[in-house]
Amino acid sequence: HGGLSERRCSHRLGRLGAMWARLVSHSTAASRSVCWRRVAVSGSCARAGRAAFAATWRGGRGLSAAASGSADEGGREPLERSVTITGDRLEEFVRAELRFFAERVDRSLEPLKLREILATSSSPEEVGAVLYEDLPVRFARRVQLIERVPGWEAIPEIVALRAILVKSFREMRLADPNTEEYARVIARIRRRHSKIGALFAGALQKMDVAAQSTSQAAKRPDGAAPQFDGESLEEWCELFLSSRVSTEMHMAHYMACLGAAHGGSTPASKIGILDLNCDLFNICQQAITQVQDGLYPCIIEVENICGDIRVCQAPRYLYYIVMELLHNSARATTEVAGLSQEEVEARPIRVSLCANEAQIVIRVSDRGGGMPQSVAAQKWSYAFRAGQRGRVVQIDDEDEDEDEDGSAMALEELQGNALPWGV
């Protein structure tokens, strides 16, 4: 880790010790087996490592007596208190873990629901423990999704995405959720993953071109369907991004819980990123203020038909969604109205809130011209673009996320300094 040629993995901090403890009995022959596996050739080592890790995790998270450094039932001292392996061998174990976690079926990869977050939020430690189990599976599964893309090695953005996920997976598996360092690991991963959106957009453009070419091409001589057509690309994007949203929300929730536990200023109704008494009208008003003070001058009118509407929600993500919708409306209105103030005033953007016992509706409408009917059917496609400008992310191998200020910056942001108060 960190470029060192060798890594000392203590049983208390890592899962490698647990692997050896599960694999080995107290017999001399078994001890020789451990030594043999530790010096085996790469292919055999990977296969053995995968089986050993599988046995450990299927048995649960807890370390055995030998792994934790305590005596066994017979009073004997543990076989080893630590395991020293080369950096190359550690990477073999990580690759074996990556394959195993990607194939796990005991953890659902459905998009995370707010009630699931709330159910495991009694303390930052509980949230951190859930993260420790969930994040590696989601990271590994997204790596697997990337490797299923034909020719992914030739798309620099995809290669960079994979490297980010592999590095984050590795850090999670070497982290200990019971230490103060764990919060810094999560903050560092969040900072690193802030690049994913722009990288994904760049990769999607190239994948879309390839998918369109595949869709237009004739079937292969054997009669099989194309490998990666437009429909397959949409399914791929849905799986990748729904998992990405879930991991981002969960990490943000952990950092918010941690900030509140350390004396952060938060409303009494908030638990992490969730507000049990979220004022939807107030969130809309904050988004309106942000857009009206932005690049596109506009008039935004708001009406609340049903009065005070309160609900359990994640305010920051609702804020982002409403702000993005309003930003699109403001841009479209400005493009139609030009520099004429009269035209801008004649085309107000309207935001309406209404609710009943079953649902809540936030409607944004504008007179910016809409979209041509010829492309309306594509509006829910991930590859569809409606004039948005993408930002460029430099693709490099530098560890810019390793500085000491990263975790402090992420924690400060999540405590609300980069967002309207209460969001």
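These notebook entries set out what I looked up in a predicted model of one protein.

**Entry 1. Overall make-up**

I began with the secondary structure and found 16 helices and 8 strands in the protein. I then looked up burial: of the 423 residues, 41% are buried. For the contacts with a separation of 6 or more, I noted that 78% join residues 24 or more positions apart.

**Entry 2. Helices α7 and α11**

I turned next to pairs of helices, starting with α7, which covers residues 124-147, and α11, which covers residues 230-261. Their axes lie 10 Å apart, and the packing angle is about 160 degrees. An angle over 145 degrees counts as roughly antiparallel, and α7 and α11 are therefore roughly antiparallel to each other. I recorded the crossing of α7 past α11 as left-handed. Sorted by class, the residues of this contact are 16 nonpolar, 6 polar and 4 charged.

**Entry 3. Helices α8 and α9**

I then examined α8 (residues 156-174) against α9 (residues 181-193). The axes of these helices come within 10 Å and cross at roughly 175 degrees. With that angle, α8 is roughly antiparallel to α9. From α8, I listed Ile164, Leu165, Lys167, Ser168, Glu171 and Met172 as the residues making the contact. From α9, the partners are Tyr182, Val185, Ile186, Arg188, Ile189, Arg192 and His193. The class count for α8 with α9 is 7 nonpolar, 2 polar and 4 charged residues.

**Entry 4. Helices α12 and α13**

How do α12 and α13 pack, and at what angle? I found that α12 (residues 280-292) meets α13 (residues 315-337) at about 45 degrees, with the axes 9 Å apart. This angle makes α12 oblique to α13. I recorded a right-handed crossing where α12 passes α13. On the α12 side, the contact is made by Leu280, Ile283, Cys284, Gln286, Ala287, Ile288, Gln290 and Val291. On the α13 side, I noted Pro315, Leu318, Tyr319, Val322, Met323, Leu326, His327 and Ala330. The contact of α12 with α13 holds 13 nonpolar and 3 polar residues, and no charged residues.

**Entry 5. Cysteines**

How many disulfides does a search of the whole structure find? I obtained 0 disulfides. For Cys278, which is in no disulfide, I looked up the nearest cysteine sulfur; this belongs to Cys312 and is 8.5 Å away. A disulfide would need the two sulfur atoms within 2.5 Å.

I also asked whether these side chains are buried or exposed, taking Cys278 and Cys298 in turn. Cys278 has a relative accessible area of 1% and is buried. Cys298, at 9% relative accessibility, also counts as buried. The cut-off for buried is under 20% relative accessible area.

**Entry 6. Lys206**

Last, I looked up a single lysine. Where is Lys206 placed? I found Lys206 in helix α10, which runs over residues 196-216. Its relative accessible area is 38%, so I entered Lys206 as partly exposed. Leaving aside neighbours within four places in sequence, I found Lys206 in contact with Ile155, Pro156 and Glu157. For Glu157 I also noted the separation from Lys206: 49 residues in sequence, and 9.3 Å in space from C-alpha to C-alpha.

Terms used
Residues are numbered from 1 along each chain as its sequence is written. This is a predicted model: local features need pLDDT of at least 70, side-chain atom pairs count only at pLDDT 80 or more; totals for chains, interfaces and linings use all residues. Side-chain values use heavy atoms; hydrogens and water are left out. Axes are lines fitted to C-alpha atoms, for helices over the stretch in contact, and angles run from 0 to 180 degrees between N-to-C directions. Helices (H or I, at least four residues) and strands (E, at least two) are DSSP runs, numbered from the N terminus. Angles under 35 degrees count as roughly parallel, over 145 as roughly antiparallel, 65 to 115 as roughly perpendicular and the rest as oblique. A crossing is left-handed if the near helix is turned anticlockwise from the far one by less than a right angle, and right-handed if clockwise. Contact means heavy atoms within 4.5 Å. Ala, Val, Leu, Ile, Met, Phe, Trp, Tyr, Cys and Pro count as nonpolar, Asp, Glu, Lys and Arg as charged, and the others, Gly among them, as polar. Buried means under 20% relative accessible area, exposed over 50%, partly exposed in between (1.4 Å probe, protein chains only).
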